[in-house]
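Morning, everyone. Let's have the structure up on the screen, and then I'll walk through it.

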Amino acid sequence: MFEGTYTAIITPFSKTGVDYESFEKLIESQIAGGINGLVFIGTTGEPATMTSKEKDELRAFALKKVNKRVPVIFGTGCNCTQTAVDNSVTAQKEGADGILVVSPYYNKCTQNGLFLHYSAIAEKCSLPMIIYNVPGRTGVNILPETAGKLAHEIPTIVGIKEACGNLEQIAKTAENIKGTNLQLMSGDDKLAVDIARLGGTTLISVASNALPKEFTQIMAYANAGRFDEADALYSKYDRLVDLLFSEVNPIPIKYACSQLGLCQNVLRLPLTSMSEDKAQILRAEMQRLQII
């Protein structure tokens, strides 16, 4: 359902709030670059430091500006199941095309707790749901067997965004979801082509904030089975991707987008601006690639 490259889009801030002028510029640059879809209020969008009012306004703005030109997915996850349910129902009422639901963080629930958490959301919200496995941030790992159970028992779960970083585990997940409508998705730019070789159809990308055309093409090659071409194109940007994760996401990608003139380099505490030495290295690589 959601195939290709989807950008986990940053939220541009000013010192007083969301910078909607830059936000519109970002959305238009993504669509002009041929992106397959957009994910708002995901990790890269810094939702943990946004108020509920800001999120409401951002969703309304995003839907109006995208205007159905590409699919829109909203992050609705929370470590409180009822809040995740409420967020998801709201996204459906507003007109989202899908929801991205991170596994409950901090609580460190059991695998059964994960299953019941996603089941509770699916009972109240019929939007296509992508579950998001990023144990490095949440403290809980969606195991392959759990992914398989969700895939077989909850038809509205259409994807799993994998950012566990473990290809062996991801291969097991691919095996467990085989024969279902659950798509394997990469939440890791660096592993996108490797995950595509395991049957992955989709990249939810950070790097595509800066390079929508290039990272859309990488997945287009991969989905056409042209893996050598996908590898060759990705290899051009491999060092850039490393630098975009040289500090915690979204610190480097926001700096990169500011260098492209797409936004201000403003983050909210506890996130801070990129350190000067690493910023200089990232800028030099962008210059070498003639991005800036």
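The protein chain has 13 helices and 8 strands. Keep in mind that this is a predicted model.

Overall dimensions next. The C-alpha atoms fill a box of roughly 50 × 45 × 35 Å along the principal axes. The radius of gyration is 18 Å, which agrees with the value near 19 Å for a compact globule of 292 residues. Of those 292 residues, 53% are buried. Now contacts. Take pairs at least 6 apart in sequence: 71% of these contacts join residues at least 24 apart.

The surface. About 12,300 Å² is exposed, and carbon and sulfur atoms supply 50% of that. On charge, I count 28 positive and 31 negative side chains. The centres of the two sets lie 4 Å apart.

Let's zoom in on Gly 4. Gly 4 sits in strand β1, residues 4–8. Is Gly 4 buried or exposed? Buried, because its relative accessibility is 5%. Which residues does Gly 4 touch, leaving out those up to four places away in sequence? Asn 36, Thr 201, Thr 202, Leu 203, Met 219 and Asn 223. Gln 217 is 213 residues away from Gly 4 in sequence, yet the C-alpha atoms are 8.7 Å apart.

Next, helix α7, residues 167–176. Its buried residues are Gln 169, Ile 170, Thr 173 and Ala 174. Down the helix axis they fall within an arc of 145°, so they line one face. The background is simple: an α-helix has 3.6 residues a turn, so residues three or four places apart point the same way. What do the buried residues of α7 pack against? The partners are strands β5, β6 and β7, plus helices α6 and α8. On the face turned away from the buried side, α7 carries exposed Glu 168 and Glu 175.

Last, backbone geometry. Most residues other than glycine have a negative phi, and most peptide bonds are trans. Here are some exceptions.

Two cis bonds first. Asn 249 to Pro 250 is cis, with omega near 10°. Pro 250 is in the loop between α11 and α12. Leu 269 and Pro 270 are also joined by a cis bond, omega about 15°. That proline, Pro 270, is in the loop between α12 and α13.

Then positive phi. Ile 41 has phi near 60°. Ile 41 lies in the loop between β2 and α2, and counts as buried at 8% relative accessibility. Asn 67 has phi near 55°. Asn 67 is in the loop between α2 and β3, and is exposed, with a relative accessible area of 55%.

Key
Residues numbered from 1 in each chain as written. Predicted model: local features only at pLDDT ≥ 70, side-chain atom pairs only at ≥ 80, totals over all residues. Heavy atoms only, no water. Helix = DSSP H or I, 4+ residues; strand = E, 2+ residues; numbered from the N terminus. Rg over C-alpha atoms; globule rule 2.2 N^0.38 Å. Buried < 20%, exposed > 50% of the residue type's maximum accessible area, 1.4 Å probe, protein only. Contact = heavy atoms within 4.5 Å. Areas by Shrake-Rupley, 256 points an atom, 1.4 Å probe, with all protein chains shown as cover. Lys, Arg positive; Asp, Glu negative; His and termini not counted. Charge placed at Lys NZ, Arg CZ, Asp CG, Glu CD. Arc of directions from axis to C-beta.
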